[in-house]
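Me: I should like a close look at one part of the structure shown below, followed by a connected account of its surroundings. Please take the reasoning slowly.

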Amino acid sequence: MNVVLELDPLILARWQFGLTTLYHFLFVPLTLGMALLVAILQTAWVRTGKIKYLQLTKLFGKIFLINFAMGVVTGIVQEFQFGMNWSDYSRFVGDIFGAPLAIEGLLAFFLEATFIGLWIFGWDKLPKKVHLLTIWLTSIASIMSAYFILAANAFMQNPVGYKLNPERGRAELTDIGAVLTNPVALAQFPHTIFASVMFAACVVVAVAAWHLSRKQHVDTMRTALRFGLWTNIIGFVGTFFSGDSLGLVMTQTQPMKMAAAEGLYQTATGADASFSLFSIGTPDGAHEIFSVRIPYLLSFLSTHTFNGTVEGINDLQAEYTARYCGEDSLLTCPSDGSFTPIIWVTYWAFRWMIGLGVLAALVSVVGLWLTRKNRSVPQWAWKVAVWSAPIPLVASLVGWIFTEMGRQPWIVFGLMTTESGVSPGVTGLAVLISLVVFTLVYGALAVVEFKLITAAAKAGPPAIEEPEDGSDVDHAALTTVY
Amino acid sequence: MELQYIWFFIVGFLLIGYFVLDGFDFGVGMSIPFLSKDDTDRRQIINTIGPVWDLNETWLIVAGACLFAAFPEWYATMFSGFYLALLLILVALILRGVSFEYRHQGKGEKWTKWFDWFIVIGSFLPPLLWGTAFANLIQGVPMETMDNGGWLYTGTLFTLLNPYGLLGGLTVLLLCFTHGVVFVALKTDGDVRVRARALAVKSGLITILAAAAFLIWTIIQHLQSDTILLIVVFSALAAVVLIGAWLANFKGREGVAFTLHVFTFIFALGAIFLALFPNVMISSTDPAFSMSISGASSSAMTLEFMTWVAVCTLPLVLAYQAWTYWIFRKRVKRTDIVAAPVH
């Protein structure tokens with residue numbers, strides 16, 4: 001019984017948030033990216049009338065929908081969780097943080113949920129172009145929702161547009177424009193969207209490669225393959241440049257996160273501000289045994305100059321202790337006095353994010369080269385294409401681990417520590433119960449979801465009869481029911 | 001008129017919208033075992049809400065987000081306080097949501113059966129628990145104020161399971177059930193429609209009894225309230241339209257019955273919000289610990305901005321959602337189901 005009583009609600013609530021948020025983000029990139037790709041494919045069909053585009057719309061539309069359902073239901077948990085597990089956080093920042101969430105709902109979620117229904121069930125009920133508009137509105141709505149949730153997240157990384165109200169014991173909004181144009185959000189938004197496009201593109205490539213390696217649906221799938229490969233490369237270019245500007249913003253707003261990304265303990269300038277490709281150190285990360293380093297690169301990533309200075313963890317720790325652990329700093333001083341994130345997590349997450357992103361792009365470059373001018377492609381290449389589908393997804397997930405673990409010990413940088421945000425009245429047992437329930441339900445659904453998506457992918461594009469007289473396809477045959 | 005009160009109204013509007021819309025989804029889900037004889041029946045019933053259940057559920061998400069933005073104290077205290085009840089609601093909503101999509105994707109009958117049960121359970125738990133939670137809100141829950149100016153719910157899940165709370169849960173459950181059955185009658189034809197109409201006659205009677213008991217109990221609890229006159233008027237109107245809905249269904253006027261059901265939700269939930277006013281959570285520990293609308297609300301600047309957003313978006317939202325219902329206005333027939341491919 002003692003064990004139960006000693007359960008720490010803070011640790012459990014953090015694990016639950018990490019677990020449910022990462023799990024939710026398994027589905028978000030495919031929703032964001034695939035809605036856009038399906039909209040493009042359907043546009044291609046409406047404009048050219050070629051059946052292969054319609055087949056691809058239906059095939060990837062189905063994969064999109066299986067995934068969409070999970071994104072929706074796991075998203076509700078996210079919204080409720082702030083109040084359930086982080087009620088002191090919610091009352092402290094709700095005045096500011098709630099607004100983007102509410103706009104997200106009113107402006108984006110309603111639009112998305114309404115028009116996705118029209119798209120699924122409206123093939124034979126809407127004129128062709130109106131039906132096309134419904135998938136575009138779904139895509140636009142999902143992209144808008146990403147913006148508002150990232151604006152909310154950006155407030156946690158870099159609070160702007162607020163003032164403290166000591167009487168009410170909370171932060172209050174002073175400038176909604178500043179909140180919605182937070183530089184962190186402006187950089188993180190394109191980074192998230194382009195990374196999501198990469199994942200959707202890699203899924204398209206994988207499905208196409210699987211069929212092409214079996215010489216099925218060759219004409220249709222070749223189109224899908226080239227479309228996916230090019231889209232992935234475009235996605236990578238966007239992810240690369242937005243990631244670069246995010247690095248700059250991060251150094252300015254959360255220098256500790258950049259220091260933690262490199263495990264940089266001593267402030268360094270110029271050539272000394274080097275970036276290690278990998279390193280082996282003592283388990284706590286404080287001492288390095290061996291590393292491969294590129295001089296100047298950390299300086300360049302952080303400041304876009306070669307002789308810039310990057311603040312180290314030790315200096316920042318001293319600076320933050322002085323600033324945030326004085327009198328009256330109940331909410332800002334961590335109980336263990338440490339302002340340093342867990343270094344091995346941030347160090348490796350940062351490298352895996354970048355490394356996997358680059359790897360995914362390389363696969364596509366090689367893929368474009370191998371499939372140029374209808375050459376025959378070796379079987380191993382098809383296998384690589386199929387198995388590389390999850391690479392951008394994993395990169396996105398470790399990117400989020402980096403972003404959120406690198407924010408620690410803060411729940412809102414400089415305003416409130418994570419430990420002071422947790423719900424005061426919720427017992428460890430209650431959080432444990434919900435953590436176990438979510439883990440079990442989510443685990444089971446992940447298996448189901450994966451099976452259904454692969455089954456839909458393997459089933460391939462639906463057979464659609466093309467009328468010989470050149471008239472339009474039978475739209476009544478396109479519509480579906482549950 | 002202060003903006004806090006406008007937001008109390010907007011949040012109330014969104015919640016009523018949620019219960020009116022997702023309410024019939026719940027009823028449709030719950031009634032499947034009662035109304036179906038084979039899988040085509042089940043699919044016919046599920047497809048009445050196929051295109052719209054997701055947008056209906058979104059009303060909850062939007063109401064939750066608006067609660068967070070406009071009344072952070074209310075959101076924080078209620079959501080952390082009603083922890084396990086909300087956990088159950090979340091799991092139910094997850095199971096229901098994926099089941100619509102997944103039930104027909106498998107190969108075997110067993111697979112489909114599993115997800116059909118998830119739909120039933122996922123449709124049964126949320127109205128029961130929401131009803132219980134709301135009844136407790138107006139009855140009062142053990143609650144104190146904290147040093148940081150916030151409120152703290154000091155009860156447990158079992159505190160909520162008192163007779164009045166459970167009657168509230170049962171009432172909302174039955175209202176949603178009959179609401180959904182009437183919706184099935186309105187949106188199908190053939191055997192399912194006939195069965196639905198007959199079932200709504202029976203379940204409607206039980207619903208009327210439960211609702212009457214709950215509303216009378218509510219009135220008795222709030223005799224001292226400033227808003228008692230309005231509570232009585234709204235309760236009476238709810239009772240009248242609910243009985244009217246039953247009569248309309250009895251006479252085969254499904255559209256009228258459904259419309260009157262919508263008004264039942266509006267009046268009954270309106271009475272609940274009036275019983276809450278001018279508080280958002282009532283403390284049974286000490287009335288001094290009750291959370292008032294102004295004590296729970298965001299700053300004037302946030303509310304002003306949010307008012308602009310709501311005023312600009314809500315009319316548009318209502319318009320395109322109404323249009324969606326218009327597009328899918330036709331009854332779902334067995335032949336539609338047999339002919340069309342599953343997606």
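In which helix of chain B is the place of B:Val256?

Reply: The model is a predicted one, and in it B:Val256 belongs to helix 11 of chain B, which covers residues 254-276. With a relative accessible area of 33%, B:Val256 counts as partly exposed, because that value falls between the 20% under which a residue is buried and the 50% over which it is exposed. Within the same helix, B:Gly270 follows at a separation of 14 residues in sequence, and the two C-alpha atoms are 21 Å apart in space.

Beyond helix 11 the chain reaches a cis peptide bond, from B:Phe277 to B:Pro278, with omega near 0 degrees. B:Pro278 is placed in the loop between helix 11 and strand 3 (279-281) of chain B. Chain A also has a cis peptide bond, joining A:Gln408 and A:Pro409 with omega about 5 degrees, and A:Pro409 sits in the loop between helix 14 (391-405) and strand 7 (410-412) of that chain. These bonds deserve a mention because most peptide bonds are trans.

On the other side of helix 11 in sequence is helix 10 of chain B (residues 228-250), where B:Asn249 is found. B:Asn249 is buried, because its relative accessible area is 2%. Setting aside residues up to four places away in sequence, B:Asn249 touches B:Ala257, and in addition B:Val182, B:Arg197, B:Ala200 and B:Val201.

Another element of chain B to examine is helix 2, in which nine of the eleven residues are buried, so that the helix is largely enclosed by the rest of the structure. Among the buried residues are B:Thr40, B:Asp41, B:Arg43 and B:Gln44, together with B:Asn47 and B:Thr48. At the start of the helix, the backbone nitrogen of B:Thr40 has a side-chain oxygen of B:Asp38 within 3.2 Å. B:Ile46 lies in this helix, which spans residues 39-49, and its relative accessible area of 1% makes B:Ile46 buried. B:Ile46 touches A:Tyr482 of chain A as well as B:Ile32, B:Phe100, B:Arg103, B:Asp116 and B:Ile119 of chain B, when residues up to four places away in sequence are not counted. Although B:Gly29 is 17 residues from B:Ile46 along the chain, their C-alpha atoms are separated by 7.3 Å.

The two chains also meet through a pair of helices: the axes of helix 3 of chain A (residues 51-85) and helix 5 of chain B (residues 83-102) come within 9 Å and cross at roughly 170 degrees. Because an angle over 145 degrees counts as roughly antiparallel, that is how these two helices are related. Their contact includes A:Leu65, A:Ile66, A:Met70, A:Val73 and A:Phe80 of helix 3, and B:Leu86, B:Leu90, B:Leu93, B:Ile94 and B:Glu101 of helix 5. By class, the residues of this contact are 17 nonpolar, two polar and one charged.

In chain A, A:Ser242 has its place in helix 8 (residues 218-253), and at 6% relative accessible area A:Ser242 is buried. Its side chain makes a polar contact with the side chain of A:His191 at 3.3 Å, while a polar atom of that serine side chain lies 3.2 Å from the backbone oxygen of A:Thr239. Apart from neighbours within four places in sequence, A:Ser242 is in contact with A:Ala187 and A:Pro190 as well as A:His191.

The loop between helix 7 (183-213) and helix 8 of chain A holds A:Lys215, a residue other than glycine whose phi is positive, near 55 degrees. A:Lys215 counts as exposed, because its relative accessibility is 65%. A:His304, likewise not a glycine, has a positive phi of about 60 degrees; A:His304 is in the loop between helix 10 (297-303) and strand 6 (309-310) of chain A and is partly exposed at 34%.

As for the cysteines, one disulfide is found over all chains, and it joins A:Cys325 to A:Cys333 with an S to S distance of 2.0 Å. The torsion about that S-S bond is about 90 degrees, so the disulfide is right-handed. B:Cys66, by contrast, has its closest cysteine sulfur in B:Cys312 at 14 Å, which is too far for a bond, and B:Cys66 is buried at 0% relative accessibility.

Methods: Residues are numbered from 1 along each chain as its sequence is written. Chains are lettered from A and ligands numbered from 1 in the order in which they are written. This is a predicted model: local features need pLDDT of at least 70, side-chain atom pairs count only at pLDDT 80 or more; totals for chains, interfaces and linings use all residues. Side-chain values use heavy atoms; hydrogens and water are left out. Helices (H or I, at least four residues) and strands (E, at least two) are DSSP runs, numbered from the N terminus. Buried means under 20% relative accessible area, exposed over 50%, partly exposed in between (1.4 Å probe, protein chains only). A polar contact is a pair of N or O atoms within 3.5 Å; within protein, one must be able to donate a hydrogen and the other to accept it, and residues adjacent in sequence count only if both atoms are side-chain atoms. Contact means heavy atoms within 4.5 Å. A disulfide is a pair of cysteine sulfur atoms within 2.5 Å. Axes are lines fitted to C-alpha atoms, for helices over the stretch in contact, and angles run from 0 to 180 degrees between N-to-C directions. Angles under 35 degrees count as roughly parallel, over 145 as roughly antiparallel, 65 to 115 as roughly perpendicular and the rest as oblique. Ala, Val, Leu, Ile, Met, Phe, Trp, Tyr, Cys and Pro count as nonpolar, Asp, Glu, Lys and Arg as charged, and the others, Gly among them, as polar.
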